[in-house]
Amino acid sequence: NVPMFEGRPLEGVQHKYADTVLLFPDAGQTCHCHCSFCFRWSQFVNMKEEKFGCQDISRFYQYVAEHENITDVLLTGGDPMVLSASRLAELVNPLISNEKFRHVRNLRFGTKALGFWPYRFISDKDSDQLLRLFERASVAGKHVAFMAHFNHPRELETTAVQTAIGRILSTGAVIRTQGPILAHINDSAAVWRELWEKQLALGLLPYYMFMERDTGARDYFAVPIARALEIYRQSLRGLSGLARTVRGPVMSTTPGKIEVLGVVNLGNQRYFSLRFLRARQERWEHRQFLANYSPTARWIDELTPALNEGKFFFDESEPAVTPIRRSVINSVLGNERFS
Ligand SMILES: *Cc1c(COP(=O)(O)O)cnc(C)c1O
């Protein structure tokens, strides 16, 4: 998803869906803590070629200025909240104040800091400076959105996280939540219902429930699509409509973000009904399609198209779903198992 710009790849940037560009600040290629289910794990294993940070920020600005269809800039990583407030301000200030970036209406921060280090927004030495940055962006007319990663309602129980949420919301920013469904951690409807109820009570907006990607530890963490769908549906029971802003289960695949809508029975056959929420080809967005039901499939590449259509419509022009980098895993784990 790295865009080409002036004949060269724009390193540390991804631009897959026209409206949203992802910036991986060079100093933000780490996290407050390392999740063993993280799909970005390869950036944290001290292998230089696996790092993905933007080192030439001026080219990034130039790219955004020249692409007026970009409405959203998403700072991600790693976790951008490991950056100092002054470094973040340096990155964000031009987007807020320069007329060239009028078309950038939304600033998103993909972060797990609320769960891991809520003190980032309370008592770090530059916490107040950080909050002032969000406030300045809001006052300047930008929508500031925290895309906060949570996996379990326990992460929302401390006074610290609740204080941090209150402080962030007081700047005018909005907090939307997302996270993967994981075996051994949150593969139950009761856990998700409680998570979303707590989020609603605290003023957070549930956004995405993701399927676990093909990471090294996938066999341990992945939940089958059929099971995830059942958990999603059951967790909505009794849940206020105000928290049903969440879309799930969603697979973020190479051709696009695929939402599993449900199971349909036609004749004697069962199918998954799916649709693209976002797609690499804009014309695919919101297109629905059917796959044969499977109780065990965990990802789109383990599903087959309905009605003996040899391949899914989006397979035409797409490479197969990115294969996991076996060689990298082997060199990290020194383990034959993945070869
Ligand atoms: C999910 C995602 C986005 C944002 O999609 P929204 O539906 O607007 O939240 C942008 N870029 C990439 C690569 C994504 O995976």
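Colleague: How much area does the protein chain expose, and what share comes from carbon and sulfur atoms?

Modeller: The protein chain exposes about 15,800 Å², with carbon and sulfur atoms supplying 49% of that; accessible areas come from the Shrake-Rupley method with a 1.4 Å probe, and for residues only the protein chains shown count as cover. This is a predicted model, in which local features need pLDDT of at least 70, side-chain atom pairs count only at pLDDT 80 or more, and totals for chains, interfaces and linings use all residues. Residues are numbered from 1 along each chain as its sequence is written, and side-chain values use heavy atoms, with hydrogens and water left out.

Colleague: What percentage of the residues in the protein chain is buried?

Modeller: Buried means under 20% relative accessible area, exposed over 50%, and partly exposed in between (1.4 Å probe, protein chains only). Buried residues are 51% of the 339 in the protein chain.

Colleague: Which residues surround the ligand?

Modeller: A residue is near a molecule if one of its heavy atoms lies within 4 Å of it. Around the ligand are K16, Y17, T20, L22, R108, Y207, Y208, S252, K257 and R278.

Colleague: Where do polar side-chain atoms of R108, Y208 and R278 lie relative to the ligand?

Modeller: A polar contact is a pair of N or O atoms within 3.5 Å. From an oxygen atom of the ligand, a polar side-chain atom lies 2.8 Å away in R108, 2.6 Å in Y208 and 2.7 Å in R278. The protein covers 87% of the 380 Å² of accessible area that the ligand has on its own.

Note on methods
A polar contact is a pair of N or O atoms within 3.5 Å; within protein, one must be able to donate a hydrogen and the other to accept it, and residues adjacent in sequence count only if both atoms are side-chain atoms.
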